[in-house]
Every structure is written in C-alpha cells, then in structure tokens.
Amino acid sequence: LLRVHGGSRPIAERQVRQLVHLGSERTFEQDPKYAIRILVDIAIKALSPAINDPTTATLAIDQLHRLLRCVGNRKLSGEMIRDRNGQLRVIFRTPDWEDYVRLTFTELRFNGAESIQVVRRLRAMIEDLIKTLPEHRHPALHKELALLDLAVQKVYLLAEDLALARIPDSQGLGGSARSK
C-alpha cells in the first residue's frame, strides 16, 4: 500500500501500519465519492422502467445538489505532499472537481433524459451551482449544461415539450419559471 522515499531517518514499520485502517465497508469519511455514488444509484434505480419513480430520483438529486455545493466550496487537495524543504514525501490519488461533477451527472443525464421532471431538476441544480460556487468551478458545470441540452434536444422533438424541458425547476414538479 505504501512506499516511503527518502527521509533523514528510518520509519518504524509499526508506525506506518498504524496509518492504514482496513474495514469491511467503504465509509463516507474515507471516500467522499461513495456518498455521491449511492445517491446516483438510488436515482437511476428509481428511473428504471421497472420502478419508474422520477419523484424519488428528484429527491436524490436534491441531496446530490447539497453535496456538490459542499464539495464545490472546498479546497480539493492535490496529489502530493511535500516537506518543509519542498521534498516530495507522499503521493496519493484524490478526486478533483471534474470527477465529482462527472460522477453526479453522467448516469443521471443518460437515464433521466426522458423524464421532464428530472431534466428540469438537473438544469436547476447546474444553474444554481454556477450562481453559488466560485468561478473556477464553472467550466465543468457549463459542460454538463451543454450535454444536458443535447440530451434534451434529442429526446423532446416537439417544440413545446423542448421548451418545457429547458425550464429549470428546483422541485422538478413542473412549475413555471415565473413561480421560482
């Protein structure tokens, strides 16, 4: 699991082993993407033809919205830790903002494009995140908005349906944009 490079003195193997914790399950604290993965799974299961429950998918999207806002306001750490002298000491893989955004939107867009409730809720989420998150988070969100537009355009062939699908709706219930 670990490789120790350099250093002015040896590190006891016991000390290094105490830094690694093994368990039978992933936890949200150890793997922040895990919470997002679970909510995406709930939403896409709700959207499956056997269940067909877009309201449950929308409720999961509400929680994803909250999580992305939280993640988007955090400083996502890099992959390297250096000591005081600039010497590289630890390399580790962490998800970046684009990883979180792709994980959240890709399957939801693919599985939810045919639900006007879901696409309106996704649009409202993306637009809100663009308004509330720092500017350096916007490019990934603009990309997802463009992909959502393409998916909606492919599914909704009638101009009236297409116009409705493009109205952001924070509840996904079909209210007009004026009522927001």
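These legends cover the whole chain, a strand hairpin and two helix pairs.

The model is predicted, so local features need pLDDT of at least 70 and side-chain atom pairs count only at pLDDT 80 or more, while totals for chains, interfaces and linings use all residues. Residues are numbered from 1 along each chain as its sequence is written, and side-chain values use heavy atoms, leaving out hydrogens and water.

**View 1. The whole protein chain, with seven helices and two strands.** Helices (H or I, at least four residues) and strands (E, at least two) are DSSP runs, numbered from the N terminus. Along the sequence the pattern reads α-α-α-β-β-α-α-α-α. The radius of gyration is 21 Å, well over the 16 Å that the globule rule gives for 180 residues, so the protein chain is more spread out than a compact globule. This radius is taken over C-alpha atoms, and the rule is 2.2 Å times the number of residues to the power 0.38. The C-alpha trace spans about 70 × 35 × 25 Å along its principal axes.

**View 2. The hairpin of strand 1 and strand 2.** Strand 1 (residues 80-82) and strand 2 (residues 88-91) run antiparallel, joined by three bridges. Strands pair if DSSP finds at least two bridges between them. M80 stands opposite I91 in strand 2. Five residues lie between the strands, and G86 takes a positive phi near 85°.

**View 3. Helix 2 against helix 3.** Helix 2 (residues 32-46) and helix 3 (residues 54-72) pack at about 160°, with axes 7 Å apart. Axes are lines fitted to C-alpha atoms, for helices over the stretch in contact, and angles run from 0 to 180 degrees between N-to-C directions. The two helices are therefore roughly antiparallel (an angle over 145 degrees). In contact (heavy atoms within 4.5 Å), helix 2 residues including A35, L39 and A46 meet helix 3 residues including P54, A60 and L67. By class, this contact has twelve nonpolar, two polar and no charged residues. Ala, Val, Leu, Ile, Met, Phe, Trp, Tyr, Cys and Pro count as nonpolar, Asp, Glu, Lys and Arg as charged, and the others, Gly among them, as polar.

**View 4. Helix 5 against helix 6.** Helix 5 (residues 116-132) and helix 6 (residues 138-155) pack at an angle of about 160°, and their axes are 10 Å apart. Helix 5 and helix 6 are therefore roughly antiparallel to each other. Among the helix 5 residues in contact are V119, R123 and I130; helix 6 brings residues including H138, E144 and V152. The contact has nine nonpolar, two polar and three charged residues.

Methods:
Parallel < 35°, antiparallel > 145°, perpendicular 65-115°, else oblique.
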